[in-house]
Amino acid sequence: MIKVVGVRFRNAGKIYYFDPADFQIKPGDHVIVETARGVELGTTTLGIREVKEESVIQPLRPVIRIATEEDEATVASNRQKEKEAYKICREKIRKHNLEMKLVQAEYTFDNNKLLFYFTADGRVDFRELVKDLASVFRTRIELRQIGVRDETKILGGMGICGRPLCCSSYLSEFVPVSIKMAKEQNLSLNPTKISGMCGRLMCCLKNEQDTYEYLNSKLPMVGDKVTTPEGDMGEVASINVLRQTVKVIIEYKDEKEMREYPTDELKFKPRKKKEKLKVSEEEMKELFGLEDNGGKSKVDAN
């Protein structure tokens, strides 16, 4: 076993392990650590704990110190410098007539590197831009192209539910989301209703997926034949997943009648466990570009 402390460098970012050394570190403390891109200030999210050595990437870098008031002042100064760097970079982008959207400027704690995050439809030749920026800021310049999901995570905002976006509030990594999840939850396949601010499928579709899969496994499918408690054979017209009720069309004396029953009162052939809802070719065409969300983020705080 080895002692570690979990440190995060941005809101809802990944948690990285460091050696706490001899410091008494508590969750919420700001610490100075050395990362792959230089010395950084991070926030402790996991207090000192013991984990198995094989679960930690070696060598484990130690915490340099607990942040002082001077360190906090340095970070505040960097935030102000980033605003100015952002404005200058936007001007340079317009000057070089590049098809790219600047999202954020970020200084490392020790000011050894200045990073610019941007989005673009394709590859961008920004070599001349980097030279121009380096001559202005007199430090190492790095431009990182990110996706629209990463952009939304950085900028934040409010979702249609009225709450802060999941990606910017608590999701440390993006999860794969597919149209099949929306169909499993019986949601409208209208792109404007199932896509988030980033234009991709909402991450929250994943939250209730396991519950819906379990509930759907106990229900017949629309069009299936079922036997009612009265012994009549009928066809499923609709289902209510959360209430676990089924509306059945029954033919009675040359007339059709619709009745509603709790699922446990009906007899039917259960779904196969591995059975998946299919998305038609027409639905895929309608939702072109929204069929799947990748599960990886290009923004790495380290």
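1. The largest pocket encloses about 570 Å³ of space. This value, like every other in this note, comes from a predicted model. The pocket is lined by 23 residues. Nearest its centre lie F9, R10, N11, R79 and E106. By class, the lining comprises seven nonpolar, eight polar and eight charged residues. A general remark may help here: rolling a probe the size of a water molecule over the atoms shows where empty space is left.

2. Several elements contribute to this lining. Strand 4 (38–51), helix 1 (69–96), strand 6 (101–107) and helix 3 (148–155) each supply at least two of the lining residues.

3. The chain as a whole should be considered next. Its secondary structure comes to eight helices and 14 strands. The chain has 302 residues, and 39% of them count as buried. Among contacts with a separation of 6 or more, 61% are between residues 24 or more positions apart.

4. One open sheet contains five strands in the order 2-1-4-3-5, and the pairing is antiparallel. At its edges are strand 2 (15–18) and strand 5 (63–66), each of which pairs on one side only. From one strand to the next, the twist averages 45 degrees. In general, the strands of a sheet pair through backbone hydrogen bonds, either parallel or antiparallel.

5. Within this order, strand 3 and strand 4 are adjacent. Strand 3 covers residues 30–35, runs antiparallel to strand 4 and is joined to strand 4 by six bridges. A reader tracing this pair may begin at E34, whose bridge partner in strand 4 is V39.

6. Which residues does Y17 contact beyond its neighbours within four places in sequence? They are V4, V5, G6, L46, V51, V56 and L60. Y17 itself belongs to strand 2, one of the two edge strands of the five-stranded sheet. Y17 and V5 are twelve residues apart in sequence, yet their C-alpha atoms are 5.6 Å apart in space. Is Y17 buried, partly exposed or exposed? Its relative accessibility is 33%, so Y17 counts as partly exposed.

7. Further along the chain, strand 11 (residues 233–240) and strand 12 (residues 245–252) run antiparallel and are joined by five bridges. One of the bridge partners is N240, matched in strand 12 by T245. These two strands form a hairpin with four residues between them.

8. Strand 12 also pairs with strand 13 (residues 255–262), again in antiparallel fashion, through eight bridges. Here K247 has E260 in strand 13 as its bridge partner. Strand 12 and strand 13 form a hairpin with two residues between them, and K253 in the turn has a positive phi of about 55 degrees.

9. Two loop residues deserve attention for their backbone angles. Q244 lies in the loop between strand 11 and strand 12. Its phi is near 55 degrees, a positive value in a residue other than glycine. N111 is found in the loop between strand 6 and strand 7 (113–119). N111 likewise is not a glycine, and its positive phi is about 65 degrees.

10. Why does Q244 count as buried? The relative accessibility of Q244 is 15%, and buried means under 20%. N111 has a relative accessible area of 24% and is therefore partly exposed.

Technical notes. Residues numbered from 1 in each chain as written. Predicted model: local features only at pLDDT ≥ 70, side-chain atom pairs only at ≥ 80, totals over all residues. Heavy atoms only, no water. 1 Å grid on protein atoms, 1.4 Å probe; cavity = no way out; pocket = protein on both sides within 12 Å on 5 of 7 lines; lining within 4 Å. Points joined across faces, edges and corners; volume = space filled by probe spheres on them. Nonpolar A, V, L, I, M, F, W, Y, C, P; charged D, E, K, R; others polar. Pairing = 2+ DSSP bridges. Axes fitted to C-alpha atoms, helices over the stretch in contact; angles between N-to-C directions. Buried < 20%, exposed > 50% of the residue type's maximum accessible area, 1.4 Å probe, protein only. Contact = heavy atoms within 4.5 Å.
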